[in-house]
Amino acid sequence: MKEQNTMLELDPIFETLGLLFISNNLHKQHKDNAIEELDKFMINGEEFYNKHLKYLEKYIQSFNSHKIPHELELFFFGQDEDELFILFAGLLGMNRHWLQPASQGSQLNSDHEIRLQLLNFLIEEQSGNDPLPFPLQEGKLDDLSYIISYLNQTTLRESLKWKLMMILERPKYYIKELIQLVQSNLPAFEQAKQDIDKTLQKLLKNYEKMIVNGNFEPLDFATLLAEKKIIFPTLIMPLGQVEISNLCYCGLQVYLLPAFKKNASQSNELLLSRLKALSDQSKLQIMQSLKSSPKYNLEIAEQIGLTAATMSHHMNVLLACKLVKIEKRSGKVYYTVDIESVEQFVKELESFLL
C-alpha cells in the first residue's frame, strides 16, 4: 500500500530549479560531465550513459529551448554553486504557496523570517542537523555585520559567501526575483517532461513497483516515512539522493549504481568501485576519521581540511559504495563506518586475491 507522503510524480519546483542550475553550468556537454562522474564510481561511464541516461540530453535541450531568461539567472545559478541550488530548493519547497498564481510579494515572509529560514537550511546542509560550533543568534539577524561575521566562520567558498551576503541583505527582493524566474520557467519544465514522457512513465512505474513491493534499497523508506518525510522521485538527478529538511528526493535510477544492484555484494563491479574509492587519499582519511567515532559533515571537513562541497562529493561516493552509512540521533545526522559492509568487502577481497 502506498504511503500518503510518498509522491509518485516529479516535483516541478525541484526539477525546474535543477534544470536552471544545469543550463547555467554547461561548461562542457552534460553527457561529458555525467560520464566523468560515473567513471569515479568505477563504472564504464560512456557505456552506462548510452544505455541508461541518453534521455537526459533531450530533457535538458527541450528545457533550454523553451526557457525564459531572467537578468539574475546567472547570479542565482552560475559558478557551479550547487549549495545555493539546494538552499533554494529547500526554501521554495517548504513555501510552495509563494509560487501560487495569487501569491504576490506582500505574501512573502518578512526579511527577518526569510533570513532565518535560509540560514537554518545552510546550517543543516553544512552540519547535517548538528549544531555548528558557532550557534545562530536569531536576535542579530537584522545586523549585516553579524551576518558577514557568521558566514566567514563557515567553510563555504568565498564566491558563495559573497552571494549569500547579498541575498541575506535583501532577502525579500532576491527571493521574489527567484520566484519570478521559477514561475516563468515552469512551462518549460512541463514541455521538457512531455517530450520524454514515454521514458519517464516507464521509470515512474518501475519506481512505484519497487516502493509498493518494499524493494527500494537506496533509501530507507520506512525510516523516512516514520520521520514524516515527503519523498519525491527526481529526474534531473537520476542517480542522486538529497534530503532537505522534511523533503527527500530520490533519483529514479539510483538503484542502477553498483552498491544497489541485486546481489551487488558479490559483484566485481562493486569491489572495483570500493577499491577505487579507497585509493583516494581524502576518502581514506574520512574512513580513518570515522573509525574512532561517528561524526557529522562539518566536523569531518574541518578535521581533514576540506570544503563542505568537496566533503559532500566524497561522502556521496562512499555512501554509494556502501562503505559508510547515515545514523540519525534525535533528529541529527551522523556518518559512520558501515561495519557489516566493510567486513563483507574485506572477505570478498581476500577471496578474490588468496
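**Figure 1. Helices H1 and H4 meet at a roughly perpendicular crossing.** In this predicted model, Glu15, Thr16, Leu19, Leu20, Ile22 and Ser23 of H1 are in contact with Tyr59, Ile60, Phe63 and Asn64 of H4. The axes of H1 and H4 approach within 10 Å and cross at roughly 85°. Angles of 65 to 115 degrees count as roughly perpendicular, and H1 and H4 are therefore described as roughly perpendicular to each other.

**Figure 2. Phe14 and Phe85 form an aromatic pair between helices H1 and H6.** A pair of aromatic rings is described by the distance of the centres and the angle of the planes. The search of the whole structure finds 13 aromatic pairs. In the pair shown here, the ring centres of Phe14 and Phe85 are 5.4 Å apart and the planes stand at 45°, so the pair is tilted. Phe14 belongs to helix H1 (residues 12-23) and Phe85 to helix H6 (residues 82-93); with their positions 71 residues apart, the pair links distant parts of the chain. Phe14 has a relative accessible area of 1% and is buried. Phe85, at 4% relative accessibility, also counts as buried.

**Figure 3. Tyr146 and Tyr150 form a tilted ring pair.** The centres of the two tyrosine rings, Tyr146 and Tyr150, lie 6.0 Å apart, and their planes are at 40°, so this pair is tilted. Tyr146 and Tyr150 are separated by about one helical turn, because they are 4 residues apart in helix H8 (residues 144-152). Both Tyr146 and Tyr150 are buried. The buried residues of H8 are these two tyrosines together with Ile147 and Leu151. Viewed down the axis of H8, the buried residues fall within an arc of 130°, so they line one face of the helix.

**Figure 4. Ring pairs join seven named aromatic residues, Phe75, Phe76, Phe77, Phe88, Trp162, Tyr173 and Tyr174, into a cluster.** Two charged side chains accompany rings of this cluster. The charged end of Lys163 sits over the ring of Phe75, at 5.6 Å from the ring centre. The charged end of Arg170 sits over the ring of Tyr173, at 4.1 Å from the ring centre.

**Figure 5. Lys163 is a buried residue of helix H9.** Is Lys163 buried or exposed? Its relative accessible area is 2%, and buried means under 20%, so Lys163 counts as buried. Helix H9, in which Lys163 lies, spans residues 158-169. When neighbours within four places in sequence are left aside, Lys163 is in contact with Leu74, Phe75, Gly78, Gln79, Glu81 and Leu84. Phe75 is thus named among the contacts of Lys163, and the ring of Phe75 has the charged end of Lys163 over it.

**Figure 6. The buried residues of helix H2 line one face.** Helix H2 spans residues 30-39, and His30, Ala34, Ile35 and Leu38 in it are buried. Down the axis of H2, the buried residues occupy directions within an arc of 130°, so they line one face of the helix. Which elements help to cover the buried residues of H2? The cover includes H1, helix H3 (45-52) and helix H4 (55-66).

**Figure 7. Helices H13 and H17 cross at roughly 105°.** Two packed helices are described by the angle between their axes and the distance between the axes. The axes of helix H13 (residues 268-278) and helix H17 (residues 339-353) come within 11 Å, with a crossing angle of roughly 105°. H13 is therefore roughly perpendicular to H17. From H13, the contact involves Asn268, Leu271, Arg274, Leu275 and Leu278; from H17, it involves Ser341, Phe345, Glu348, Leu349 and Phe352.

**Figure 8. Lys322 has a positive phi value.** Lys322 is a residue other than glycine, and its phi is near 60°. It is found in the loop between helix H16 (308-320) and strand S4 (324-329). With a relative accessible area of 25%, Lys322 is partly exposed.

**Figure 9. Ile326 lies in strand S4.** Ile326 is partly exposed, and its relative accessible area is 37%. Not counting residues up to four places away in sequence, Ile326 touches Leu319, Val333, Tyr334 and Tyr335. The C-alpha atoms of Ile326 and Pro294 are 9.1 Å apart in space, while the two residues are 32 residues apart in sequence.

Technical notes: Residues numbered from 1 in each chain as written. Predicted model: local features only at pLDDT ≥ 70, side-chain atom pairs only at ≥ 80, totals over all residues. Heavy atoms only, no water. Phe/Tyr/Trp six-rings, centres within 6.5 Å; stacked < 30°, edge-to-face > 60°. Buried < 20%, exposed > 50% of the residue type's maximum accessible area, 1.4 Å probe, protein only. Lys NZ or Arg CZ within 6 Å of the ring centre and 35° of its normal. Arc of directions from axis to C-beta. Contact = heavy atoms within 4.5 Å. Axes fitted to C-alpha atoms, helices over the stretch in contact; angles between N-to-C directions. Parallel < 35°, antiparallel > 145°, perpendicular 65-115°, else oblique.
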